[in-house]
Amino acid sequence: MSQATQLAADAGSTDPRVGLRAVLALRRLLERLEVVQVDNARRQGWSWQEIADALEVSRQAVHKKHAGRPAVPGTWEA
């Protein structure tokens, strides 16, 4: 079983300690994945509006969150 699969299973645990730890780990994983994919989209020429539409958030929200941070190494050269 992959780590992500195990985390998803643990998130449904009846033990709150196990479930909440899994939720935290999944949240951190999703944040990292979003950074990688936003960098990927920008490298391919996507606009902030296109990224926002794909994430179902406002352009301002995605720009504020991602525009000022450094790119993930190897994913986007500015």
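**View 1. The largest nonpolar core of this predicted model holds 6 residues.** The model is predicted. Its largest nonpolar core is built from Val38, Ala41, Trp48, Ile51, Ala52 and Val62. Two elements, α2 and α3 (48-55), give two or more residues each to this core. The largest share, 3 residues, comes from α3. Nonpolar side chains tend to be buried together in soluble globular proteins.

**View 2. Trp48, a member of the core, and the residues it touches.** Which residues does Trp48 touch, leaving aside those up to four places away in sequence? Val38 and Arg42 are on the list. So are Arg59, Val62, His63, His66 and Ala67. Of these, Val38 and Val62 belong to the largest nonpolar core along with Trp48. Trp48 also takes part in the contact of α3 with α4, and in the contact of α2 with α3.

**View 3. Helices α2 and α3 meet at an oblique angle.** Two packed helices are described by the angle between their axes and the distance between the axes. Here the axes cross at roughly 140 degrees and come within 10 Å. The two helices are therefore oblique to each other. α2 passes α3 in a right-handed crossing. From α2, the contact uses Glu34, Val38, Ala41 and Arg42. From α3, it uses Trp48, Ile51 and Leu55. By class, 5 of these residues are nonpolar and 2 are charged, with no polar residue. Val38, Ala41, Trp48 and Ile51 are also among the members of the largest nonpolar core.

**View 4. Trp46 sits in the loop between α2 and α3.** Is Trp46 buried, partly exposed or exposed? Its relative accessible area is 36%, so Trp46 counts as partly exposed. Trp46 touches Ala41, Ile51 and Ala54, not counting residues up to four places away in sequence. Two of these, Ala41 and Ile51, are core members.

**View 5. Helices α3 and α4 are roughly perpendicular to each other.** Helix α4 covers residues 59-66. The axes of α3 and α4 cross at roughly 105 degrees. They come within 8 Å. That angle lies in the range 65 to 115, which counts as roughly perpendicular, and α3 and α4 are therefore described that way. On the α3 side, the contact is made by Trp48, Gln49, Ile51, Ala52 and Leu55. On the α4 side, Arg59, Val62, His63 and His66 take part. The residues divide into 5 nonpolar, 3 polar and 1 charged.

**View 6. His66 is a buried residue of helix α4.** His66 lies in α4. Its relative accessibility is 4%, so His66 counts as buried. Apart from residues up to four places away in sequence, His66 touches Glu34, Val35, Val38 and Trp48. Val38 and Trp48 are also in the largest nonpolar core. How far apart are His66 and Asn40 in space? Their C-alpha atoms are 12 Å apart, with the two positions 26 residues apart in sequence numbering.

**View 7. Glu56 has a positive phi.** Glu56 lies in the loop between α3 and α4. Most residues other than glycine have a negative phi. In Glu56, phi is near 55 degrees. Is Glu56 buried or exposed? With 74% relative accessibility, Glu56 counts as exposed.

**View 8. Helices α1 and α2 pack in a left-handed crossing.** Helix α1 spans residues 3-11, and helix α2 spans residues 16-43. They pack at an angle of about 135 degrees. Their axes are 7 Å apart. The two helices are therefore oblique to each other. The crossing is left-handed. Which residues make the contact? From α1 come Ala4, Leu7, Ala8, Asp10 and Ala11. From α2 come Val18, Gly19, Ala22, Val23, Ala25, Leu26 and Leu29. By class, there are 10 nonpolar, 1 polar and 1 charged residues.

**View 9. Gln3 is an exposed residue of helix α1.** Gln3 lies in α1. Its relative accessible area is 65%, so Gln3 is exposed. Gln3 and Leu20 are 17 residues apart in sequence. In space, they are 16 Å apart, C-alpha to C-alpha.

Notes: Residues numbered from 1 in each chain as written. Predicted model: local features only at pLDDT ≥ 70, side-chain atom pairs only at ≥ 80, totals over all residues. Heavy atoms only, no water. Axes fitted to C-alpha atoms, helices over the stretch in contact; angles between N-to-C directions. Helix = DSSP H or I, 4+ residues; strand = E, 2+ residues; numbered from the N terminus. Parallel < 35°, antiparallel > 145°, perpendicular 65-115°, else oblique. Left-handed = near helix turned anticlockwise from the far one by under 90°. Contact = heavy atoms within 4.5 Å. Nonpolar A, V, L, I, M, F, W, Y, C, P; charged D, E, K, R; others polar. Core = buried A, V, L, I, M, F, W, Y, C linked by side-chain atoms within 4.5 Å. Buried < 20%, exposed > 50% of the residue type's maximum accessible area, 1.4 Å probe, protein only.
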